[in-house]
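Visitor: I would like a close look at a single part of this model. Please take one helix and walk me through it.

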Amino acid sequence: MKDLSKDSVNWLTIESEDAGQRIDNFLFKTLKGVPKSHVYRILRSGEVRADSRRVDASYKLKSGEKLRIPPIWAASPAIVHIVKREFDVVFEDDYLIAVNKPAGVAVHGGSGVSFGVIEQLRAARTGLRYLELVHRLDRETSGLLLVAKKRSALVGLHEQMRAGEIDKRYYALVRGKWRDEKREINFPLLKFTGADNERRVAVRADGVAARTVFYLRQRYAEFSLLEAELKTGRTHQIRVHLTHAGFPIAGDAKYGDFALNKRLQREGLKRMFLHAARLSFRHPNSAERMQLSAPLPKELASFVASLEQADTH
């Protein structure tokens, strides 16, 4: 939580980077440790005011206005020692950072993870006032991840995502011989919590629409290398679409072929073969078309090389 008084009313001046966002979202970020239910209560009661006016939770902040916040008591959060870390930067300017995230690193804390990429970047870049994830990658997935350095960049990129203007491409190695040069999969997906209390996704008629286009890039004796184009951005979309189609991703510990994964570990593939390889979007400030790419990590490139070598014998 920001250094706000627990004994008296607090006044905050809204800066330009915070203008335009909903007041409830601003308070959630500002009042760390305060339950959301309490934030909504002080909004409903009129204890939070913008330039002396009562506002509801959907009110959008304006630059320069003064926000009244009542005395707030927050639960003391557990002390977490965040390890400062810089990641492989593919692109950076005043508006955004594109990093090449390694596999095995969460993008943010939560669900049993104390911290992730965004928390480590904030710890390393203490001079930056604003850093927010533009999108997410699964912990086991490597590749391109966008981080906004200004709220205007975050808003602009989210608008492009909603309009389907951001082109995201992934490489996935799957079990089986994929036949089609190009194939679109439209399986609706439903999120649920399994008996093991793990978040999971399944193809269900009552799920939300999900579209992925797959392109065949290479066939091997036992596997196929695919390029996946995301048309929607559902949780675990590529992984579930491929498993449901009968082509599980090599090394996928949640939806894959578990017996095969054990064998692949002995053969050198110790992670899921899914990599966010390319991103195309309009720069949120200049509108210039950006084309970013991240090559296959060494461990994936080495495994592909071993498949190619085996096919020549």
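Guide: Here is a walk along helix α7 and what surrounds it. This is a predicted model: local features need pLDDT of at least 70, side-chain atom pairs count only at pLDDT 80 or more, and totals for chains, interfaces and linings use all residues. Residues are numbered from 1 along each chain as its sequence is written, and side-chain values use heavy atoms, with hydrogens and water left out.

Start with length. Helix α7 covers residues 298-311, which makes 14 residues. Helices are DSSP runs of H or I, at least four residues, and strands are runs of E, at least two, numbered from the N terminus. The expected span is 1.5 Å times one less than the number of residues. For α7 that gives 20 Å, and its end C-alpha atoms are 20 Å apart, so the two agree.

Now look at burial. Buried means under 20% relative accessible area, exposed over 50%, and partly exposed in between (1.4 Å probe, protein chains only). In α7 the buried residues are Leu300, Phe303, Val304 and Leu307. They cover an arc of only 100 degrees around the axis, so they sit on the same side of α7. The arc is taken from the directions from the helix axis to the C-beta atoms. Turn to the other side of α7: Lys298 and Gln309 are exposed there.

What covers the buried residues? The cover includes strands β8 (142-148), β9 (167-175), β14 (223-230) and β15 (274-282), along with helix α6 (258-267). Contact here means heavy atoms within 4.5 Å.
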